[in-house]
Each structure stands twice: as C-alpha cells, then as structure tokens.
Amino acid sequence: MNIGIIVYSKTGNTFEVGSRLKGVLEQKGHSVNLDRVTIEGEAKPGDKDVKLINIPLVDGYERIIFGTPVQAFSLAVAMETYLKQVPTLGGKEVSLFVTKHLPFVWTGGKRTLGQMEKVCKDKGASVRGKEIVFWNEKSREETIKKCIANLSSQF
Ligand SMILES: Cc1cc2nc3c(=O)[nH]c(=O)nc-3n(C[C@H](O)[C@H](O)[C@H](O)COP(=O)(O)O)c2cc1C
C-alpha cells in the first residue's frame, strides 16, 4: 500500500515518531513517504497568519497518517493551517497521532485529536486510528510503541 505520513513538528518529537512508524510500515512491505509541514518563522498558539512553506500534497496516497504536537491544549496552529488548506480528503481513510508533554489525555490530547478529526471529516475522510504519545520521561517509550503498534496494525 502507498502510505503518506504527514507531520508538523516544531522540535522534532512528532517527526521522530513518524519516522519510526515509517520504518515499521516499510518492514511490512508498504511504500511510505514521510513529509513534514514547515512554516515561515515561529507560530505561537493563537496566531492567525501562519505562512506555510512546505505544503505536503495528499494526492496519490491510499492512506494518510497525520501527526502533530499539542500546543496550548489544542491543535498546533501550523498543522491546523495546513489541514484547512488541503483541498479534499474525499474517500480517504486517515489515521491521527499527537505528541504532547503533559500527562493525561485532558491536557490537550483528546481535544487536539477531536480538532483534527473534525477537519479531516469535513474534507471527506473517514478517521480510523487515533493515538496519543506522552513525551514525559516515564511513559514516552511505552506510548510511542503503543502508538506505532496500533497504527501499523491497521495495514
Ligand atoms: C507553544 C507550546 C505549547 C505547548 N502546549 C502543550 C499542551 O498544552 N499540552 C501538552 O501536553 N504539551 C504541550 N506542549 C509540549 C509539546 O506538545 C510536546 O513537547 C511535543 O511532543 C512537541 O512535539 P514536536 O517536537 O513535534 O514539536 C507545548 C509545546 C509548545 C512549544
């Protein structure tokens, strides 16, 4: 299967998870492209005028996995800006993951997944998997492994 992993990652954590997920999916025989949304300068939570530089295309993938950090208990504005400009996800199945620092799903994890799910559904996608990676020292590796295992088990 031809799979796209599209992430925004300010400090590299989300990209690292995407990269490990790509490796696991490739081991299963899939063709995987990992693409990173980039922006001009810095985007602070609440910014309205985020300028995208690298704008990954969604065409051509049979399945897409979107990843983003949680910022200010919400979807990072860079990823929000990117997702909102995607022309269509009509008929596609997508999966989602977020990385975050604080423990508990209610410190932005669930809300961010909900925000991403809404945009994807509004663009015509059906959402299959949703995962949260907690980047604090204790549970990081455990939650990365769970995220990768659950998302890759769909393929
Ligand atoms: C501006 C900003 C706001 C953040 N807000 C939250 C938050 O509300 N909840 C949380 O758990 N982590 C929060 N974090 C931590 C990031 O979500 C976490 O470090 C994430 O793994 C970073 O991913 P990245 O390296 O891909 O950018 C915030 C980080 C930044 C820079």
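In the predicted model, Lys28 is exposed, because only 12 other C-beta atoms lie within 10 Å of its own and a residue with 12 or fewer such neighbours counts as exposed. Lys28 is located in the loop that connects H1 with strand S2 (31–39). When neighbours within four places in sequence are left aside, the contacts of Lys28 are with Ser152 and Phe155. Thr11 lies 17 residues from Lys28 along the chain, and the C-alpha atoms of the two residues are separated by 28 Å.

Ser152, one of the contacts of Lys28, is also among the buried residues of H4. This helix comprises 13 residues (140–152) and extends 18 Å from its first C-alpha to its last, close to the 18 Å expected at 1.5 Å a residue. Its buried residues are Thr143, Ile144, Cys147, Ile148, Leu151 and Ser152. Viewed down the axis of H4, these buried residues fall within an arc of 150° and therefore line one face of the helix. An α-helix has 3.6 residues a turn, so residues three or four places apart point the same way. The exposed residues Glu142 and Ala149 are carried on the face of H4 turned away from the buried side. Packing of the buried residues of H4 involves H1, S4, S6 and strand S7 (126–134).

Three of these partners recur in the surroundings of the ligand: helix H1 (13–27), strand S4 (63–71) and strand S6 (93–100) each contribute at least two residues to the shell. The ligand is surrounded by 20 residues, of which Ser9, Asn13, Thr14, Pro69 and Lys100 come nearest. By residue class, the shell consists of 10 polar, 8 nonpolar and 2 charged residues.

At the level of the whole protein chain, 4 helices and 7 strands are present. From the N terminus on, their order is β-α-β-β-β-β-α-β-α-β-α. The radius of gyration of the chain is 14 Å, close to the 15 Å given by the globule rule for 155 residues, so the chain is as compact as a globular protein of that length. Along the principal axes, the C-alpha atoms fill a box of roughly 40 × 40 × 25 Å. Buried residues account for 40% of the 155 residues. Of the contacts between residues at least 6 apart in sequence, 73% join residues at least 24 apart.

Note on methods:
Residues are numbered from 1 along each chain as its sequence is written. This is a predicted model: local features need pLDDT of at least 70, side-chain atom pairs count only at pLDDT 80 or more; totals for chains, interfaces and linings use all residues. A residue is near a molecule or strand if its C-beta atom, placed from the backbone, lies within 6 Å of it. Ala, Val, Leu, Ile, Met, Phe, Trp, Tyr, Cys and Pro count as nonpolar, Asp, Glu, Lys and Arg as charged, and the others, Gly among them, as polar. The radius of gyration is taken over C-alpha atoms; the globule rule is 2.2 Å times the number of residues to the power 0.38. A residue is buried if 20 or more other C-beta atoms lie within 10 Å of its own, exposed if 12 or fewer, and partly exposed in between; C-beta atoms are placed from the backbone. Two residues are in contact if their C-beta atoms, placed from the backbone, lie within 7 Å. The expected span of a helix is 1.5 Å times one less than its number of residues. The arc is that of the directions from the helix axis to the C-beta atoms.
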